[in-house]
Amino acid sequence: MANTFSLDKSFLNREDAEAYVAGKKTSTTAPGEERYYAVAVGREPGVYTDWDTASLAIKGWKGPKYKRFNTQEDAIEYIRMHGNEEAQKVLLDTAVEPAAKKSKKSTAGEDLVAQDGPDVQHVYTDGSSLSNGRAGAVAGVGVWFGHGDIRNVSERLEGDVQTNQRAELTAILRALQKVAVSEKLRIFSDSKYSISCVTEWYVNWQKNGWKTQSGPVKNKDLIEAIRAKIDERTKAGTKTFFQWVKGHATNAGNIAADNLAVKGAKGSE
């Protein structure tokens with residue numbers, strides 16, 4: 001659950017501290033202090049400006065995903081990374097508190113992609129593993145920048161471990177390798193596992209020596225390689241965005257990346 005916040009300020013009493021963690025107003029809250037609550041998964045996904053309303057959007061919901069931010073932009077990006085299809089639709093309707101049951105109807109998956117500025121390069125990534133999880137599995141990597149783009153990738157996954165997860169992560173790494181460090185980039189992926197690995201989970205994995213209760217973190221080499229590229233871009237002042245898209249649906253970019261991944265797995269030219 002993504003409701004952990006840094007307690008980097010002091011409080012007059014325990015009640016204020018608990019209220020701060022919950023995202024509620026405290027006696028130490030500065031006048032006019034802005035807060036945004038991103039509900040990526042819940043009863044009513046969206047970005048809220050007060051905790052009382054946001055809490056109703058997740059109350060009683062199994063496995064909600066939400067987090068508090070200081071800026072609306074960061075809250076929206078959180079939903080673009082971790083929100084489900086319903087949450088992506090809500091972003092197209094409004095950037096703040098969503099009206100109940102309000103969503104934009106769409107017949108084309110690409111319509112669910114919120115717009116970026118012209119200086120942000122879009123790329124779609126996908127991985128495919130034929131007979132995934134079984135002996136003899138073969139995996140492929142697909143990266144799609146656009147029709148006929150020389151940066152597009154369709155290749156067999158390297159290494160002995162031919163899993164879908166490794167193919168998905170490799171596709172993200174290959175996309176990062178194809179653009180200049182100075183170029184803003186939004187990576188679209190249908191793998192929530194991959195997005196979470198390189199945007200959230202890696203933090204605690206690093207602190208714990210890349211170990212979990214069940215053993216060493218899988219795909220550590222790829223996650224570290226991706227983080228190294230992202231950190232290099234961040235150090236250069238370049239933003240790297242992620243957005244989840246529903247796989248095997250109607251999004252043209254995702255379909256193209258999937259076709260490239262399958263082609264790579266089959267070893268076709």
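V143 stands opposite V153 in β6, and that pair is where I'd like to start. A quick reminder, everyone: this is a predicted model. The strands β5 and β6 pair in the antiparallel sense, over four bridges. On the other side of the story we have β4, which runs antiparallel to β5 and is joined to it by seven bridges. If you want one residue pair to find there, take Y124, whose bridge partner in β5 is W144. β5 itself is mostly covered, with six of its seven residues buried.

So what packs against these strands? The buried residues of α8 do, against β4, β5 and β6. Those buried residues include N254, D258, L260 and several alanines and glycines, among them A256, A257, G253 and G264. The helix spans residues 252–266, and its 15 residues reach 21 Å from first C-alpha to last, close to the 21 Å expected. Have a look at both ends, too. At the N-terminal end, N251 is the cap, with a side-chain oxygen 3.0 Å from the backbone nitrogen of G253. Just after the helix, G267 takes a positive phi of about 75°.

Now step back to the loop between β10 and α8, where you'll find K246. Leaving out its sequence neighbours up to four places away, K246 touches E85, D190 and N254. The C-alpha atoms of K246 and D190 are separated by 5.5 Å, although the two are 56 residues apart along the chain. K246 is partly exposed, at a relative accessible area of 42%.

Let's move on to charges. How many salt bridges does the structure hold? There are 13 salt bridges, and I'll pick out a few. R186 forms one with E77, the closest N and O atoms being 2.8 Å apart. R186 lies in strand β7 and E77 in helix α3, so this pair ties together parts that are 109 residues apart in sequence. R186 also forms a salt bridge with D116, with closest N and O atoms 2.5 Å apart. That second pair links β7 to the loop between α4 and β4, 70 residues apart.

Are these residues buried or exposed? R186 is buried, with a relative accessible area of 0%, and E77 is buried as well, at 13%. D116 is partly exposed, at 22%.

For contrast, here is a local one: R227 and D231 form a salt bridge at 2.7 Å. They sit four residues apart in helix α7, about one helical turn. R227 is buried at 11%, while D231 is partly exposed at 40%. Going back to the other group, salt bridges with shared partners join E77, R80, D116 and R186 into one network. Thanks, all!

Definitions and conventions
Residues numbered from 1 in each chain as written. Predicted model: local features only at pLDDT ≥ 70, side-chain atom pairs only at ≥ 80, totals over all residues. Heavy atoms only, no water. Helix = DSSP H or I, 4+ residues; strand = E, 2+ residues; numbered from the N terminus. Expected span 1.5 Å × (residues − 1). Buried < 20%, exposed > 50% of the residue type's maximum accessible area, 1.4 Å probe, protein only. Contact = heavy atoms within 4.5 Å. Polar contact = N/O pair within 3.5 Å; in protein donor to acceptor, adjacent residues only side chain to side chain. Pairing = 2+ DSSP bridges. Salt bridge = Lys/Arg side-chain N within 4 Å of Asp/Glu carboxyl O.
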